[in-house]
Amino acid sequence: MPTHTFVLNGRSVTVEAPDDMPLLWVLRDKLGVTGPKYGCGVGVCRACTSHLDGQEFQPCTRAVKDCEGHTVTTIEGLADGDTLHPVQEAWIDCDVAQCGFCQPGQIMTAVALLRRTPNPTDADIDQIQNICRCGSYPRIREAIKRAAARQAP
Amino acid sequence: MNCRTGKGFRSLPALPPHGPGPARAAEAPSVPAPSPAPEADGTPPPPDRGAKIDRVDPSVTPSYAQRRSRSGTGPGPPRPPDPAPPPARRVPPISTSTAASDSTGHQGDTGHPGDADHSADTDRSADTTGPTGRRRFLTYLLAAPTLTVAARLGLDAAAPASAQAAVRAAEAARTAAAPAQLLGLPGIPDIIDLGDAMILAGLPTSHLLVLEITPAGRAALYLPRLEVGQGLTTAIAMLVAEELDARLTDVDVPLSDGRPELLFNQLTGGSNSVRSLYDPVRAAAAAARARLVTAAATRWNVPANSLRTADSAVLAPDGRSLGYGELAAAAAAVVVPAVPGKPKSPDQLRLVGRPTGRIDARDIVTGRVKYAGDLQIPSAVPTVVARPTTINGTLKSVDASVARTMPGVYAVVQIPSGVAVLAETFDQAIKARDALRTTWNPGPVANLSTGDIQARLRAAHAPFLLPPLLTEYLDGEFDFAFVNHAPMEVLTAVADVRPNRAELWFAAQSPIIAQQTIAAELGLPQSAVTVHVVRGGGSFGRRLFFDAALEAAQISKAAGRPVKLMWTRNDDMRHGRMRPASHHRIRATYGLGQVLTWEHRAATVKTDLGHGLGEALTGAGFNLSLAGLSLAQAFFLLTEKNPYNVGIPTQLLAELPLDVHTGSWRSVYSGMVRVADEIMMDELARRMGQDEVAFRRARLRDAAGQAVLDTVARAGGWGRPMPPGQAQGVGYHDENGGRVAYLVELDASDRANPRVTRAVAAADVGRAINPRGLEAQLTGALIDGISVILQAGNHIDNGAVREGSYADFLYARQRNTPPSVEIHILPPSGAPGGAGELGVPAASAAVANAYARATGTSPRSFPIHF
């Protein structure tokens, strides 16, 4: 079975897996990294959203071989030790989560959005596709704005 | 908040060791005794220490001598803590209070077994066989350096529910005497609602709630309910911290394993958790506080009433303090608390009612929270099931020869609902499943599609009672589609079935029924099946049913190994449960400015309520068969009412039995019945030339309802000019002791993409434990309303569900939601009502009404874009 080496949350990992196995299952079933969630398997719900070289992506639709040599960051790798990322802080401040299942993906999406667009408008935030079945959208919006304000120079 | 019920508490040392003694029997003659702890089957006694607790109202606390004497008549004398070390027992690791788990067999919130499961069997049987084992167990309980209390709500505790019902009946009678409006009759839910019935059903066991304080200073309330995002664990932690005077960060709320001795008191549903647990949780925490204070007074040799408590410590006037952890062992030995163990009065509250963030927020945002699929249960292998092409179709043939040879595949086994594939990863299991060559027999509704079902629903109605003779009338007919629950976390269950026992981990709203059903399925005694309740990633009613757990048990048995079964999204969308499709026919007659009659005929595809609710209603004293009611009709009668004075209202439910998977969907019948009513209220107001808000306000039966309506009208600027294609809409609903109104603004200038642009809600839920959590619930209900009214539903095409994922089941995304949401929580007005489901009908109605006003249309079929 082929092996694949990539950087996962700051550490180099090598894993045996078929080339076409979606990274989500490599993370969850082989590496025990369960922050990225399965919600649809087809890139629609975006509960698994993580970062590939700093850009948001959906590990459920990305083959592990395409991650070879790249840097993967999941929700587990977002904080700097015990110091939370400002977006995580904003999520807590705004008490965004209800069931919490989609929130790793929501947070990773928001972090990527803020990297691209440091001061997103409502229209920018409207572009987010991640599903939150609990309907925490208004607090997600509020938290993104709060994080943007906090990051502003 | 008051102590209405004469709650009494005793700590463990006063226990008659063998179940309820004569004193208790005399106290509770008509209350069924909790199931006795199993002893002979090798399982540990369940954590029902409350059952062994002598329950005495503090106001009539007998003297110590009396108690000695009375206890002496019981099966065994009270014993002082045994200094001998407890027998060595293998204890499952738990997250918070290890000492507690030793004494009780409690497990942590995920019940993570580690590697303890197999050896535990042997130890358990050695520990609990026969009376000797029981005494040793109790001895150990007594020796545990842990304060444990169980709240009691005795017979007199029927008071909360019945008193509330009586008050409401009186209130209805009083307002019924009001002039100037043709009056409606109060509905059954005005007198006793579903929540009251559930509370009544749970009363006999409500004293079995357990709160522990460990030497480490943690307070753990073992919650016999499920957390699925509704914020229950945070609200309960707040109640504990409040009454204990503990820091909120010192309180844990692990989810209890399935506890069959709780009978009807471990069912999460009906927006009933806070309503049913409010008194027992406060009672337990207040009792614990009294014991801690007493222990400190003894330690310092000062009067107990000179001490106060704050921040998880007892404080003396001279500045000394003792943390609760330091006092836990001594407090466990307190026989008679020296200070009253009564919950606080409303003016003493410092935390309850204050907006508070979730206690698990940090774990959520760091990805640490574990759902069933995240648990690392040893050897539990990823498993998926190939399912029929139509709903409830059956397997005709399967050729697994290719699938079995695929990489990573461990096994292929057949179960009643399909063919399971076990593999090293879910990816391999799914790929092998797709490589199965299966043929299927069509399911029982394979000849039906959405239009056929709608036609059958229309034909199912009873005719209207009152023909419109000389009165004017308005008719309306409404269709609501099937709606999948679609929680973000798909159904997932871990099962480890062995020849003589089974252990399961899943998000269970009804773990006791699940345990019973799975035990029967496996041919095991109920006591041999352990259900670990794991937090769920959303539910909305879905996890009342344990479909995946039952299948996981079947698969684990057939394959002879532990499995982690996951339904794919497609599985859940196509074979999961749905809010039943319904049709509604409403006729209002009116004249001289009055509404004279209001008839509502609801026809729904039969709602599956077979998850323990029927047992609970029977337990509450409802003899459904005697009343000639189906369970669904009883549920309907206990929940559905018209909140307005609209003459003589009648509401009837007709059920269309179809062999499809349905279930309670957040707000159940109200999600359709009350929405249709609210749309008719708008149309009738316009027909009668009245303002929609004023029309409602004049007919609302209580002042609290008027207040929430007034609040949204004022805060939302009801009636403000709107550009063409935009409009406001309102909706009102009350249920489960709560009242709510929504005002939304909707922009339908792009008719294909209507958007709610602003929402204002106001709610009076009696007392909001955590206003921030309540706001979250009301916001979620708003998004539900937007979704089910405008865009999210399920079609049936020749017996199969058309939608397969969120790509075509269009639950709202960020772009469909209002940038501005404003929520007003009205000041406390009484005991807490239910809030989890409250918002859905009113929010849905407000969206529908705004759409109608913005477009000048009369929407009749929902979702509108379908």
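Here are legends for three close-up views of this predicted model.

**View 1. Chain A meets chain B.** Start where the two chains touch: chain A brings 49 residues to the contact, and chain B brings 46. On the side of chain A that touches chain B, two or more residues come from each of α1 (23-30), α2 (86-93), α3 (103-116), α4 (122-126) and α5 (137-151). The largest share, four residues, belongs to α5(A). Sort this side of chain A by class and you get 28 nonpolar, 13 polar and eight charged residues.

**View 2. Two domains of chain A.** Chain A is assigned domain 1 (3-77) and domain 2 (86-151). Their centres, taken over C-alpha atoms, sit 21 Å apart. Where they touch, 15 residues of domain 1 are in contact with 12 residues of domain 2. On the domain 1 side, β3 (50-52) and β4 (55-57) of chain A each chip in at least two residues. That side has five nonpolar, seven polar and three charged residues.

**View 3. A sheet in chain B and its helices.** Follow the strands in the order β23-β24-β25-β28 of chain B: these four make an open sheet with mixed pairing. At the edges are β23 (726-735) and β28 (820-825) of chain B, each pairing on one side only. Neighbouring strands are turned by 10° against each other on average, direction ignored. Strand β25 (755-764) of chain B runs parallel to β28(B), and the two pair over six bridges. Look for B:V760, which stands opposite B:E822 in β28(B). Helix α25 (771-790) of chain B packs on the sheet, touching β24 (738-747), β25 and β28 of chain B, and its direction makes about 130° with that of β28(B). Another helix, α26 (839-855) of chain B, lies across β23, β24 and β25 of chain B, at about 155° to β23(B).

Key
Residues numbered from 1 in each chain as written. Chains lettered and ligands numbered in written order. Predicted model: local features only at pLDDT ≥ 70, side-chain atom pairs only at ≥ 80, totals over all residues. Contact = placed C-beta atoms within 7 Å. Nonpolar A, V, L, I, M, F, W, Y, C, P; charged D, E, K, R; others polar. Domains from an automatic or database assignment. Pairing = 2+ DSSP bridges. Axes fitted to C-alpha atoms, helices over the stretch in contact; angles between N-to-C directions.
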